[in-house]
Amino acid sequence: MCTPQGIIEHLGCMVFNEAVKAVTKAGKYVCHYRTNLDNLQREMTTLEDRRKIIEREANEAIGRGEVIEEDVARWRTDTNTTKIYVYFMRQSTCSSLDIKWRYRLSKQAEEKIEDVKKLAQKSHFDKISHPKPPPPELEFPSAENYVHLDSRTPILEDIVGALKDPNVKMIGVHGLGGVGKTTLVEKVAKKLLDEGTFKQVPLVAVSKDHNVKDIQKKLADKLNLESKATADENAIAIQLWNKFKNGEKYLAILDDIWEKVDLKAIGIPVMEGTIGCKVVLTSRKEDLLRITMKADRNFPIAELPEEEGWNLFKKKVGNTIESGSEIDSLARKVCRKCKGLPVAINALGAALEDRPYHTWKNALDKLERHMLTHIEGIEPSVWASLWVSFDMLRSLDAQSCFLLCCLFAEDAEIPIDELTRHCMARNLLAQSPRTFDEARTAMCTVVDVLKSASLLSTGDHETVVKIHDVIRDVGISIAREKEAFLVDHDAIQWPRNPTNGPSYKAMSLSFQSIKGLPDGLVYPQLETLMVDNSKFLDLEVPNNFFDGMMQLKALTFTRMRMQQLPSSLAKLASLQMLHLGGCKLDDIAILKDLKSNLEVLSLRYSKIDALPPEIKQLTSLRVLDLQGCYKLKVIPRGVISDLTSLEELYFPEDFDKWEATTAKQQATSSRENVSLEELRGLLSTGQLTTLHIHIPNVMLLPKEDLIFVNLKGFKISVGSKFKTSKEISGRRMLKLEGIQLRNGFIPLVDKAEVVVLSEIEGLKKVFHDRGVGNRFLDLKYLKVISCVEELHLLGEPKSFVQSQGLHRKPLFNNLTVLIIEYCKSKYLFSPTTARGLVHLEKLEVTYCKTMEGIVGFEGRNDEDEITSEVKFGKLKQLKLVGLPNLLSFYAQKEKKGATMGSSSTCAQPLFSEKVIFPVLESLTIEKLNNRIKIWDKQSIAHVLEEQGSFCQLKSVVVHGCAKLMHVFPSNMHPQLKNLESLEVYRCETLKAVVEFEGEIDEDGLRNEGNIITGSYGPLSLSHSIWRTVHVGFEGRNDEDEITSEVKFSKLKQLKLVDLPNLLSFYAQKEKMGTTMGSSSACAQPLFNEKVIFPVLESLTIEKLDNIIKIWDKQSIAHVLEEQGSFCQLKSVVVHGCAKLMHVFPSNMHPQLKNLESIEVYSCETMKGMAEFEGEIDEDGLRNEGNIITGSYGPLSLSHSIWRTVHVGFEGRNDEDEITSKVKFSKLKQLKLVDLPNLLSFYAQKEKMGTTMGSSSACAQPLFNDGKLAINDLIP
């Protein structure tokens, strides 16, 4: 029976039990607080180990120019935040011993342990980073050198317009070979990329002898897709197909097609609606594009008009024509022979530059003589022009090299090293170089001659060259006529010697369907044979295959599968070069029989498990190239040391089966594989001049230093391998990680082009103890990470340099990239050294805690150094991160002897008038805790105006600068005309993005508060966790400043995130002097009439707690109509704005005609999507409540967690407004999430005046009948 007393007793017991549990739990926290802290520290140690690994990999990725994955970036931020939190928690253990403090600390520690464990579990990422898309200047090199031609401009604009037309899916561009099709479509691609029309625009050359897999591989490379080497065509096609259909817009350009191309087999889905890929095809054949490929539109590219061709020809030949009227007359005749074809004009113009009259006359005679030659798709005039250009080459070496290039595949990147080896094998170089190093130098000179003659062009890398397909076709014709060359890269059977004419001297063949190679062939004059098995078929090579080729000197087999090499190969007594590239090889022991003459053996990228011991018998071998042989595990002991004639040795970078060298290690080793000790003999004699090798463990190095001083070419890494990058490349590269720097490596540092040093002891003897002298003269890329000693690249003051002689070259004279991370240094350069950095393009200094200045002094008082300027004439990228003690970029002393730490220096701006950056494009400033200002408006005014410093800035990132007051001074905005991207976040004391004061610009016009940022490209404020940020004024009442406008002419993407105190983007004062913090200021809209965004496409607003409205309908009407502000909006995202009442004002709908996506969520007080009032649109029609946003595209309501939503009215009874419709005609995506107070998407009032909150309104459906028009709904 339940009595009141029993109930009370029961409740009392329950309360007591709960109290006991709580006290017990609290007691455990108090008693075990030290244990909990220790457990937390143990988990933090585990997390810290993972953090270091991730940080190292992330920094390496950033160094390669890659983009960190978003989940990795979030993990790094969360981990660093947790690390700081735990650090301060641990620091607080000495502050008190009271029970309350112990309880709180122990509880926090226990809770934090789970967070730390979760972070450690999440740290195993599939990918740390992904490559950036290649910049247009590298992806489309000819677009950078595009010559404006009036006749081409309308065609270029028509092609761009067609590709923007939603009804056009495929276009064709056709014209004669050499007319400029590729150059034009590259310019189109760059323009569309710059405008943001397409996400990516991969351009690949198809060529006459194409195959699907080659096209797929080129596309995958351009799209940064990783595909396995073993993947078949179907697998790669699926990968490409999914990439092109991921919702982004793509344009694929297939250049130079000769026959029907199966787009589906490649993996290109032609665009359907807005999904897929648009395609551009170029060809010499109009019917192929129009009839076979069924292009929607075709554009013919005609020859240049005579006057335009003449102007281009004059530019190419320079001042030669002006030397006399006779040459002028001849030049016009020669130019007419080019028939307006740019490839002929460029080649012939280059050949005749600075030539005398008789050479011009001879050239004209030859042109007339060769006009009858015919090649499919090439004008006879082009053939004649190129033949004359070839004939006028002043060097036989250049002619031989040019014809040799024609043997390689169309559009191939031809390695200069490969050309050198061919020329050495066939003795084609006139000076008969004694070594391969001399031959390479001679070949580079020859290549430069051919580039100057416009017969070759630079490839994607300085070590390769390319040849235009038309020039190659002409070259093949010349080679066939002059040298009996045969080139057939679409062969279906093996060719026989011609019955009439000389026997072939060189052959280059590529097969796609042949089953086997014939026997009984006789080619008595054949010196060069190149065979490519493009389909990687199993080809049978008869044992007597080479019996009739006894004069063969250079043999190249690529993509062949051969279990055993044919026995007749051993009979080739003249063979000097053997290249088996990308082959699958088993037994190659027969090569021992080539010991008398074989000088070059390349197995590059071949699959081979072991080198046979018999290779040691190749005593004449001068080059052994094993690069890319990733399956190679065995190089028998003694093979390398016995190859005593080696000049160049390339080990696979993946080879890690080195035998130990120390006595202790040898005792436990099988001693069957090669050791580093075997290199000693080759290195000490100076015979070996090129070495590529990766040493995975420093313990593998011999106890006694190897002698590297004689090396002229090297790629040596100790610890970790080089990461491939276009930025990190060169003939002399050195990477050392985690070792004590040995004396043997120091000469390599002196002569290297690329140096990466990580966690090295002994750097002092590299940069300080070896004197000055002419050192580091070839160094282009230097990266130093975590050096344990204090690092200085200071050099000596000017007075000291002068005392050493006038001919001493500056240190680091050719340095283009410098990256310093986690190093101890007060200053990095002296002013003298900094002035010598005339080629520096990229400078990154990060996490150097003791650094006070990038340029500075220590203990010297050279007057010129103190007062003179430092100009970085080529610096394009500057990144300064994690430098808490940095005072200034150029940390100057006061002339009167003030110390660097004085109060006067503490107020220095980051950039003073003494440092000049005329071409700087990208600036990143992060975690500079001592910086109050970046620029000083008074001191640098003359530098900004007279020197043009910072005028090329495109991107500015400012992050985590705790004391920074503003970003830009008021007088700097003329220098921001090229600014495209601005990110400012986590700057707690920032009061304004721009510090505005009345200034007079260069035209004498007052520009108070105006920011004009140019007229091209995007400006992005993105990925930012912002604090209080505004464009505004402090304590000033200038009438012009209050009423002026701010225009962001390039801004395409704007993200404002986590700005709890933001009042307005352009925080205005009232004209009568109202302070910025007044109540009237608090009611400002986010965007008022003083800020203009004519090209803004994407707007994201998140966690702006003080914003009541985004736009103000009364004040910005004229801006919307007259300035076109916001008229390009495609995407609007509004999230977590606690006080926001509605999204759009009623008069804004004409600006929303391009709107494709709306996302609104977690806005607690949202009352309506739009605030409607009767407005008159530009056609004079009343649009009360109607939103007309265009006439295309479906509305898709997808992936949304819906609450009650409405588009509604407040306190109005207009009959038209109540009955009007809302139409979103371009809207493709609508997400409305977590909006608890909205009643309906289109919340109507009752016609008789029922208030919006009445019970009848509450019963409205989400979408009411007939009031919301949705076109072509996609479920």
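This is a short exchange about a predicted model and the terms used to describe it.

Biologist: What does the chain come to in helices and strands?

Modeller: The secondary structure comes to 36 helices and 52 strands. Of the 1275 residues, 53% count as buried. Residues 24 or more positions apart account for 72% of the contacts with a separation of 6 or more.

Biologist: Why is Val-470 called buried?

Modeller: Buried means under 20% relative accessible area. Val-470 has 1% relative accessibility, so Val-470 counts as buried. Its place is in helix H21. The C-alpha atoms of Val-470 and Glu-410 are separated by 9.7 Å, and these residues are 60 apart along the chain.

Biologist: What makes H21 largely enclosed by the rest of the structure?

Modeller: The count of buried residues. In H21, 11 of the 15 residues are buried, so the helix is largely enclosed. Among the buried ones are Asp-469, Ile-471, Arg-472 and Ala-479. The cover over the buried residues includes helix H15 (342-352), helix H17 (380-391), helix H18 (396-405) and strand E11 (485-491).

Biologist: How do you know that the length of H21 agrees with its 15 residues?

Modeller: Set the expected span against the model. The expected span is 1.5 Å times one less than the number of residues. For residues 469-483 that gives 21 Å, and the end C-alpha atoms are 20 Å apart, so the two agree. After H21 comes Ala-484, with a positive phi near 60°.

Biologist: What about H18: why is that helix called largely enclosed?

Modeller: In H18, 8 of the 10 residues are buried, so H18 is largely enclosed by the rest of the structure. The buried residues include Asp-397, Gln-399, Phe-402 and Leu-404. What covers them includes H17, strand E8 (414-415), helix H19 (416-426) and helix H20 (436-452). H21 and E11 also belong to that cover.

Biologist: Arg-421 is in helix H19. Is Arg-421 buried or exposed?

Modeller: The cut-off for buried is under 20%. Arg-421 has 2% relative accessibility, so Arg-421 counts as buried. Leaving aside neighbours within four places in sequence, its contacts include Phe-436, Met-577, Arg-604, Asp-625, Glu-648 and Tyr-650.

Biologist: Why is Leu-517 called buried?

Modeller: Its relative accessibility is 6%, so Leu-517 counts as buried. Leu-517 lies in the loop between strand E12 (506-511) and strand E13 (528-533). Leaving aside neighbours within four places in sequence, Leu-517 is in contact with residues including Trp-494, Val-541, Phe-545, Phe-557 and Met-560. The C-alpha atoms of Leu-517 and Val-541 are separated by 5.4 Å, with their positions 24 residues apart along the chain.

Biologist: What makes Asn-427 exposed, and Glu-759 partly exposed?

Modeller: Exposed means over 50%, and partly exposed lies between that and the buried cut-off of 20%. Asn-427 has a relative accessible area of 55%, so Asn-427 is exposed. Glu-759 is at 46%, so Glu-759 counts as partly exposed.

Biologist: What is phi in these two residues?

Modeller: Phi of Asn-427 is positive, near 55°, in a residue other than glycine. Asn-427 is found in the loop between H19 and H20. Glu-759 is not a glycine either, and its phi is positive, about 50°. Glu-759 lies in the loop between strand E24 (754-758) and helix H26 (764-767).

Biologist: Which residues make the contact between H13 and H14, and at what angle do these helices pack?

Modeller: Helix H13 (residues 306-317) and helix H14 (residues 325-337) pack at an angle of about 115°. Their axes are 10 Å apart. The crossing is right-handed. H13 contributes Glu-306, Gly-309, Trp-310 and Phe-313. H14 contributes Asp-328, Ala-331, Arg-332, Val-334, Cys-335 and Arg-336. By class, the contact has 5 nonpolar, 1 polar and 4 charged residues.

Biologist: Which residues of the largest nonpolar core touch the most other members?

Modeller: Leu-529 and Phe-911, out of 143 residues in that core. Another core lies apart from it, with 102 residues. Its members include Trp-387, Leu-404, Leu-455 and Val-623. In soluble globular proteins, nonpolar side chains tend to be buried together.

Conventions
Residues are numbered from 1 along each chain as its sequence is written. This is a predicted model: local features need pLDDT of at least 70, side-chain atom pairs count only at pLDDT 80 or more; totals for chains, interfaces and linings use all residues. Side-chain values use heavy atoms; hydrogens and water are left out. Axes are lines fitted to C-alpha atoms, for helices over the stretch in contact, and angles run from 0 to 180 degrees between N-to-C directions. Helices (H or I, at least four residues) and strands (E, at least two) are DSSP runs, numbered from the N terminus. A crossing is left-handed if the near helix is turned anticlockwise from the far one by less than a right angle, and right-handed if clockwise. Contact means heavy atoms within 4.5 Å. Ala, Val, Leu, Ile, Met, Phe, Trp, Tyr, Cys and Pro count as nonpolar, Asp, Glu, Lys and Arg as charged, and the others, Gly among them, as polar. A nonpolar core is a set of buried Ala, Val, Leu, Ile, Met, Phe, Trp, Tyr and Cys residues joined through side-chain atoms within 4.5 Å. Buried means under 20% relative accessible area, exposed over 50%, partly exposed in between (1.4 Å probe, protein chains only).
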